[in-house]
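Open the model in your viewer and keep the sequence panel visible. The tour goes from the whole chain to one helix pair.

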Amino acid sequence: MSFEEKIRCGVLDISDISKLSKIDHNLPISITNTSQVLDRSAEIKSLLGDVVKHSNQNYATAVTKAKTDRLAWRKDKVLRTMRPRMSADRYTDICKALAKLDGTDLNEVVTRLEMRWA
């Protein structure tokens, strides 16, 4: 009995586990006596991509920050865009000026900066 036949029949020996990486994801399976070929490689790739993305600490921190304080996230995003294009002194002055603003004024300024620097 071939390795693929063992998988189809549900008879898989422990010694055959080393061959699992060689499995073709297009093997026919039986669903209520109907033979179908399911290609699950795209689903597996998507699932693994999501697991890797969501387990990344930087990604998780960014998503949490964007959800908890949207205005601070927007401000930081604009400042990251602006920073490479200006001197350190000018960048520091802008950060100090933004720190002095209250919520409403800060929202207006960030919206204007997003339109200019986007």
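Among contacts in the protein between residues at least 6 apart in sequence, what percentage join residues at least 24 apart? The share is 27%. Keep in mind that this is a predicted model.

**Whole chain.** Colour by secondary structure. The protein contains six helices and two strands, and along the sequence they run α-β-β-α-α-α-α-α.

**Surface.** Switch on the accessible surface. About 9300 Å² of the protein is exposed, and carbon and sulfur atoms supply 55% of that area. Of the 118 residues, 13% count as buried.

**Helix pair.** Now select residues 70-82, which form helix α4, and residues 103-117, which form helix α6. Their axes come within 10 Å and cross at roughly 40 degrees. That angle is why α4 counts as oblique to α6. How is the crossing handed, left or right? The passage of α4 across α6 is left-handed.

**Contact residues.** Show side chains on both helices. From α4, select Leu71, Arg74, Lys75, Val78, Thr81 and Met82. From α6, add Gly103, Leu106, Asn107, Val110, Thr111, Leu113, Glu114 and Trp117. These residues make the contact between α4 and α6.

**Composition.** Colour this selection by residue class. How many residues of the contact of α4 with α6 are nonpolar, polar and charged? The contact has seven nonpolar, four polar and three charged residues. Among the nonpolar ones are Leu71, Val78 and Met82 of α4 and Leu106, Val110 and Trp117 of α6. The charged ones are Arg74 and Lys75 of α4 and Glu114 of α6.

Conventions: Residues are numbered from 1 along each chain as its sequence is written. This is a predicted model: local features need pLDDT of at least 70, side-chain atom pairs count only at pLDDT 80 or more; totals for chains, interfaces and linings use all residues. Side-chain values use heavy atoms; hydrogens and water are left out. Helices (H or I, at least four residues) and strands (E, at least two) are DSSP runs, numbered from the N terminus. Buried means under 20% relative accessible area, exposed over 50%, partly exposed in between (1.4 Å probe, protein chains only). Contact means heavy atoms within 4.5 Å. Accessible areas come from the Shrake-Rupley method with a 1.4 Å probe; for residues, only the protein chains shown count as cover. Axes are lines fitted to C-alpha atoms, for helices over the stretch in contact, and angles run from 0 to 180 degrees between N-to-C directions. Angles under 35 degrees count as roughly parallel, over 145 as roughly antiparallel, 65 to 115 as roughly perpendicular and the rest as oblique. A crossing is left-handed if the near helix is turned anticlockwise from the far one by less than a right angle, and right-handed if clockwise.
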